[in-house]
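Reader: I should like to understand the words used to describe a protein model. May I put some questions to you about them?

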Amino acid sequence: MLQESSVDSSGTRFSPLVVVELASDTNEETIAWLLSRIRDTQQNGGAELLVEQIGPGVDAEEKENPNVFLIGASWQRMLAGAEEIGLFREYKDGSMRGFTCANKHNFKDFRGDGDSFLSMAECQYIIKHELDTLRAKDETHVPGHESAKLYPGKSIVRRLQSKGILVQIFPLHEKEELKRLSFSWYKKVKLSLQPLDDIRHYFGEGQALYFGFLEYFTFALMPMALIGVPYYLFAWEDYDKYVIFAAFNLVWCTVILEFWKRCSASLAYQWGTLSRKKAFEEPRPGFHGVLGFNPVTGREEPVYPTAKRHLRIYLVSVPFVLLCLYISLYIMMIYFQMEGWALKLHDEEPTFWTEILLYIPSVIYAVVIEIMNIIYRYAAEFLTEWENHRLESSYQNHLVLKVLVFNFFNCFASLFYIAFVMHDMALLRQSLATLLITSQILNQVMEAFLPYWLQRRRNKKMIRKVQKRQTLDDKELPVVDQVRLEADMSTYLGTFDDYLELFLLFGYVSLFSCVYPLAAVLVVLNNITEVYSDAFKMCRVFKRPFSDPASNIGVWQLAFEAMSVIAVVTNCALIGMSPQVKAYFEESEEQLIFWTVAVEHGLLALKFILTFIIPDVPKHIQIKLARLEFESLEALKKKKMLEASELSKSAQ
């Protein structure tokens, strides 16, 4: 925990874990009402947490926001919160069970009063959960803000966020723990596995699963990279031999995804999230509608007609996406015109400079692709927000679908055109290499170096505080200054962009690497640098994110599996186009197409059979889960029998 403690208005000392920042012009009545709700007991509808308003820091300036509060809780409140959120921990018999306060001494790591039983990330998640579940009682509006309407059961935090009264909520870093994690993670270059348990302990399961998948993907690329190097050296100009590599791709892209599901299930069970019940989803902060009745919660809350949302999706969003795809196609044709012009110039007068000129159109096109992806991402977020999805999961699914469709078309359309329309394998190899290398360089700049540079240049005050933090690296930074420092940091927006980058790299490798065997080698090198750059930005550039108790990589698993299906079709088509295979069907091209399609359908069938044969959860974990479910049913039966016997005794 943080070494410096804070004091609540009741005089109780606590370790500050979460920061709540309200707008600087927030009404005093609003602040008093919110703090009373946070401090009030659960029986009265409060969160029963401890709060302290921070004072001015060192070198305080007049423009500093005074409405910044530190939130913490007593250990008994934390343990009760752990039971509420359904936290799973290791039991004395080695199984993973849902934590209960009544049975707390039977859990493996529980010692004494349990003050080291929960990690700081878990405590911060519990506090965030308790704040999110604060509900309005009989208030019609937020006191002091007539425009911020409330109704019984409405989430107070979500209303304050949607009205701009609540600026941000973020968990604080723990300096010593972060220093240890940084040293074992990215501060020393070493050939070893990532400290996934430490990452999970500090940042939560969602982040740990991303870095686990990044590590797994890197190791899964090793066989392809090892095959690709000699393939590149000895069969570079012999395009007939890419059939073997394409066949390897077919098996590889299916098997690695199936085994990743088993690997992620093992990690999730070990971390206690595999059996954890999914929390009931509340409406998003930005969701709006006419006040109506929710039959599930029994509360009045905004409702928005599904038909109206579908009209927005199919009459506006879908045409917009199609328009963007058309623009992407138009730009692709301009790229091919530039490519033809450069090739013509080189053929007329081949020199060293005209040979370099051959790569310029591909580089320009790769940069344009990245710019279009960024612009489209903002447009997709705006459209998905405008569609007014009630749940965060629905919002994320629609956003991911929009972004994936465009990014796939924008990044791979030119490669498909070169391969299956132009039939130019030399140009395909050159374009793939240029797109892959350029996109990797741009991604590293955009994801790590640019945010860090912007962070340091944000304003003079921030630079001074960062420098002070560096000079006090071996000293304790006062909590007030730590809070002010972290409040100015960029907000971490989740793993969306990180998974999207891996998705596109997976596409480059699985779809067309047979014609450019070094693709896997380049992706391995990119992933190694990605580990260090992502670790650096998590620890130094962004605010600490709240823990995300994930059990898998979510919708991205489906995205990667869809890409693997497309990879089967693409590699079968490339095999069918190879001179080696064509030689067997010189008399009938129809037979070649027929056999190519037949083999492709057979391989897809085999792929889906493998999906069912290889279980998603390892057998030993299935047995443990089944045993736990059996014990729960037996305990329920015994409880009912005891209740029945007590009733019969009382009746006598």
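Author: Let us begin with area: accessible areas come from the Shrake-Rupley method with a 1.4 Å probe, and for residues only the protein chains shown count as cover. By this method the chain exposes about 31900 Å², and carbon and sulfur atoms supply 63% of it. The model is predicted, so local features need pLDDT of at least 70 and side-chain atom pairs count only at pLDDT 80 or more, whereas totals for chains, interfaces and linings use all residues. Residues are numbered from 1 along each chain as its sequence is written, and side-chain values use heavy atoms, with hydrogens and water left out.

Reader: Why is Thr273 called buried?

Author: Buried means under 20% relative accessible area, exposed over 50%, and partly exposed in between (1.4 Å probe, protein chains only). Thr273 has a relative accessible area of 2%, and therefore counts as buried.

Reader: Why is Trp386 called partly exposed?

Author: The relative accessibility of Trp386 is 33%. This value lies between 20% and 50%, so Trp386 is partly exposed.

Reader: Which residues does Thr273 touch?

Author: Contact means heavy atoms within 4.5 Å. Leaving aside residues up to four places away in sequence, Thr273 touches Glu205, Ala268, Pro549, Ala550 and Ser551.

Reader: What makes the approach of the Thr273 side chain to the backbone oxygen of Ala550 a polar contact?

Author: A polar contact is a pair of N or O atoms within 3.5 Å; within protein, one must be able to donate a hydrogen and the other to accept it, and residues adjacent in sequence count only if both atoms are side-chain atoms. The side chain of Thr273 reaches that oxygen at 2.9 Å, which is within 3.5 Å, so the distance meets the definition.

Reader: How do you know that strands E3 and E10 pair?

Author: Strands (E, at least two residues) and helices (H or I, at least four) are DSSP runs, numbered from the N terminus. Two strands pair if DSSP finds at least two bridges between them. Five bridges join E3 (residues 18-22) to E10, so the two strands pair. They run antiparallel, and Val18 stands opposite Pro171 in E10.

Reader: What makes strand E10 mostly covered?

Author: Five of the six residues of E10 (residues 166-171) are buried.

Reader: Which residues of helix H2 are buried, and what covers them?

Author: The buried residues of H2 (residues 75-84) are Arg77, Met78, Leu79, Gly81 and Ala82. Their cover includes helix H3 (120-132).
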